[in-house]
Amino acid sequence: MRIRREVVAFRHVTLNENGETILNEVSFSIAEGEIVGLVPLDGQGVETLFSLLSHNRLLDRGRMYVDEEEACSYLGVQKLQNNVAVIESRSHLVPALDIADNLFSLKRNSPYVVNRKLERSQIYSLFFPYGMSFRGDEHPDSLSPLQRCAVELAKAETSGCRLVILRELSTFLPPHDLSLFQDMVRKVAREGRMAFLYYGNHHRELFSICDKVLVMRDGTIALSLSASEFSDATMDVVSRDFLHSLTSIRGTVSDGEGKVIGTLSGPSFSLPLRRGECLVLLDMERETIPCLADTFSGAKESTYHVSLSGGSWEFIPSNPCGKLVFPSLSYLDNLTIRAGDKVKGFYRRHRYEESLAAEFRSKVGNVVDVKNVSSLTQEQLYDLLYWRVDLDNPLLLCVVQPFAGLAMYQRIRLLTHLSRLLAKGISIIILALSLSDSLRIASRLVLLDGGVVKHEFIPSQFEQVADYGIVTK
Amino acid sequence: MVEHRVTLFRIGAFLLFFSIALLFAAAFCFLAVGEYLFFWIFILCAGCLMVACGLFLQESRRTNRFIDLYNKGSGLEPLKTIKLPVSKEISALFENMERDNPSDKLWEDNRRQAQYLALQNQINPHFLYNTLEAIRSEALIGGLTNVAQMSETLARFFRYTISNTSGLVMLENELRNVEDYFSIQKFRFGDRVNLDIQIPADNPVLSYHLPKLILQPIVENAIIHGLEEKVKGGTITISARYTAKILSIFITDDGVGMDSDELVAINRRLNDHSPRKEGEGKKGGIAIQNVNDRLQLLFGPQYGLAYYSVRGIGTKVEIRLPMDGGPGI
């Protein structure tokens, strides 16, 4: 049996940014062929950790080793970059190049003369084990998310990457595709060429595939669980604060008897929308969600239609901070961006603003006086967006993948916001590819497959969703 | 060493003199040839000066950082890395500090400290073995098999602890010593504490050679700070994993665990080479730091201990050792 080597190792790594300790005494290692999970509890240091895995920096304490050689330490940087690939919701393929060029022409020491026939045969042998076939002249835009991930995985292999970071796969791969891609990852890992760092918010998703799971809290690796130590009981203790917080969050709201405020209809379904209920639409094939999002955002003409009786809706896209927050405006201006539509002369009369500022100071603190929101944290920006919805008080709020990219404690905050909006009588539609914590507040769950309603569940039937291979908790 | 350290200093000095020489040449050109050539020589001169200043500034910043790291307890390593020690006298000072605190002296100090910590008392070993043997005989005569067994285990434990602490031992022997230590603790705690060694008898890592008394202090710490405080007791698990170059031994307990702040503080103390203070003998105390120091002195800074812990779940200690340090594999 071939003895594995260590691909990356952190030893007591501490890293400060702007005088704040981001990574604090981080120690872990990943060996060849290993799939290591990473669950963040509060989100601190995750981005810095990923950035450090790719680009070596001068550390404040400790040492980092790549391929069992020192890459950087508190004494200096030995090597600037590491050969690390990232597979995430954003494509890392060059859109102007076809698959063959992405796979073979971009790698170091690629041949000057392109032999298309050879490339085609190599592409065939690369993807045949995964049950996929490409001609090589397809462009990245034409690929489905699963195909794109498979191509990126193959690209990582051909370019000699030693570590692949898999980021929140369940937020952009539908359940069936996720399972197929996990099989591919397992296969590559078994061959022992590469190692994987699988970042996800849900331990059950990670337990099903990983050899080891790291739990990150306060910028340190608090727990390193080997496969024999995986248990829900352990994670329940880890997330005790999280679970405790959930008990204070109001659960399901409607029992199907609420007043109907409108309908959401498509070519082959029509769903009634009830006041104060949370409807979760889970897309099994990732075809319907983008069209529904277009309908709600008004970005494109779509075959889906929303009709509300006497009211408006608001839309929050996935990862909304960069899309709905105006960085050059003050917190209060961002908060009251739509207030002018509701209250005539809102911006001319300063007493309105002063009154609102006083009211929100008690809710969000002095952050309400911030003049430039670009300095706010992700958590504060999410607070701003949901308080804005609260203030606008629409009839319906549509949110796409609300929990994507959020650590456990940030998810608690978001659930609290959603729960408060529901209590206020605002209906919520969650468009999701993975359930994440949506079921905590859901009144109804609808599975969509190919634009058709496959199944509808009420809260007492939520456990049955697991039969569809979906992680429910 | 001094020659290597002053290389950058020499480059900077060379550039400084070169630029001064160019300045003289420029002045000569200005007088002899004309303004145009003077201009370009002046630019070249200014460029050299800037590079020289940049190099000096960069190195002096690095020097300050390394001295700062040393002052904060990172040991002598940062001082060894300094390339611009400002003057010959300061360079000599650093070398004297290294000479006065050589690695082998530190190693010897740590070894002695380990022995002291393990025993706490300077007892004559033969007197101790004879006494324990006498207790065992008396216990067997009186039909007290438990007492006999206990004294036998205790004698074996002391014999291992006292004899030849400077050499390397096989992992198998270390594990046996841990079992002996655990048997003694079992008399005190009964079924509240359990030991589970998950390294199969045919695993080649058992013949790996490592410094003596590495595992026992960690197991002791796990019992005292992890399991003793837990009403139900718990289990200590020892497992191992190896790659081509690294052997990792994991000692896991399902005891009370600790909070993030405490965890960070323990991990930080492990790499703090400033003199130990009184009262640091609590969780991750002197014995644990001693184990870490000995491993790092013997094998290098990339090896040693790392703690992982969550309150309510337990604590895991990873001991990293080099595979090529063990001739048994």
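# Notebook: rings, the A–B contact and charged pairs

**Entry 1, a tryptophan to start with.** I began with A:W387, which counts as buried because its relative accessibility is 11%, under the 20% cut-off. A:R420 lies over the face of A:W387, 3.8 Å from the ring centre. A reminder to myself: this is a predicted model.

**Entry 2, aromatic pairs.** Next I wanted to know how many aromatic pairs there are over all chains. My search of the whole structure gave nine. One of them joins A:F50 and A:Y199 edge-to-face, with 5.3 Å between the centres and 80 degrees between the planes. I then looked up where the two rings sit: A:F50 is in helix α1 (residues 46-54) of chain A and A:Y199 in strand β8 (residues 195-199) of chain A, so this pair ties together parts that are 149 residues apart in sequence. Both A:F50 and A:Y199 are buried.

My tryptophan from the start has a ring partner as well: A:F360 and A:W387 pair edge-to-face, at 5.5 Å centre to centre and 85 degrees between the planes. Here, too, distant parts of the chain are linked, since A:F360 belongs to helix α13 (residues 350-364) of chain A and A:W387 to helix α14 (residues 378-392) of chain A, 27 residues apart. Is A:F360 buried or exposed? A:F360 counts as buried, at 2% relative accessibility. A:F360 has a charge over its face too: A:K363, at 4.8 Å from the ring centre.

**Entry 3, where chain A meets chain B.** I turned to the interface. Chain A and chain B bury about 3300 Å² between them, and 49% of that is on carbon and sulfur atoms. The contact draws 40 residues from chain A and 37 residues from chain B. I noted 20 residue pairs in polar contact across it. Which elements of chain A give two or more residues to this side? They are β1 (6-17), β2 (20-31), β4 (61-66), β9 (212-217), β10 (220-226) and α7 (232-238) of chain A. The largest share, seven residues, comes from β10(A).

**Entry 4, a closer look at B:R320.** Six salt bridges cross between chain A and chain B. I picked the one between A:E6 and B:R320, where the closest N and O atoms are 2.8 Å apart. The two side chains also make a polar contact, again at 2.8 Å. B:R320 sits in strand β7 (residues 314-322) of chain B and is buried, with a relative accessible area of 2%. Leaving aside neighbours within four places in sequence, B:R320 is in contact with residues of both chains, among them A:E6, A:A9, A:R11 and A:S29 from chain A and B:I246, B:Q302 and B:Y303 from chain B.

**Entry 5, chain B as a whole.** I counted 12 helices and seven strands in chain B. Of its 329 residues, 44% count as buried. Among its contacts between residues at least 6 apart in sequence, 69% join residues at least 24 apart. As a sample I looked up B:T235, in strand β4 (residues 234-242) of chain B. B:T235 is partly exposed, with a relative accessible area of 25%. Not counting residues up to four places away in sequence, B:T235 touches B:N194, B:D196, B:L227, B:T252, B:D253 and B:D254.

**Entry 6, salt bridges in chain A.** The count over all chains comes to 40 salt bridges. I opened a few in chain A. A:E88 and A:R90 meet at 3.4 Å, N to O; A:E88 counts as buried at 12% relative accessibility, whereas A:R90 counts as exposed at 53%.

A:D183 and A:R186 meet in another, at 2.8 Å. They are three residues apart in helix α5 (residues 175-191) of chain A, so about one helical turn separates them. A:D183 is partly exposed at 41%, and A:R186 is partly exposed at 25%.

A third joins A:E456 and A:R444, with the closest N and O atoms 3.0 Å apart. This one links strand β19 (residues 452-457) of chain A, which holds A:E456, with strand β18 (residues 444-449) of chain A, which holds A:R444, 12 residues away. A:E456 is partly exposed at 35%, but A:R444 is buried at 5%. To finish, I found that shared salt-bridge partners join A:D98, A:D101, A:R116 and A:E119 into one network.

Conventions
Residues are numbered from 1 along each chain as its sequence is written. Chains are lettered from A and ligands numbered from 1 in the order in which they are written. This is a predicted model: local features need pLDDT of at least 70, side-chain atom pairs count only at pLDDT 80 or more; totals for chains, interfaces and linings use all residues. Side-chain values use heavy atoms; hydrogens and water are left out. Rings of Phe, Tyr and Trp (its six-membered ring) pair if their centres lie within 6.5 Å; planes under 30 degrees apart count as stacked, over 60 as edge-to-face and the rest as tilted. Helices (H or I, at least four residues) and strands (E, at least two) are DSSP runs, numbered from the N terminus. Buried means under 20% relative accessible area, exposed over 50%, partly exposed in between (1.4 Å probe, protein chains only). A charge sits over a ring if NZ of Lys or CZ of Arg is within 6 Å of the ring centre and within 35 degrees of the ring normal. Contact means heavy atoms within 4.5 Å. Buried area is the accessible area (1.4 Å probe) that two parts lose on being put together, summed over both. A salt bridge is a side-chain nitrogen of Lys or Arg within 4 Å of a carboxyl oxygen of Asp or Glu. A polar contact is a pair of N or O atoms within 3.5 Å; within protein, one must be able to donate a hydrogen and the other to accept it, and residues adjacent in sequence count only if both atoms are side-chain atoms.
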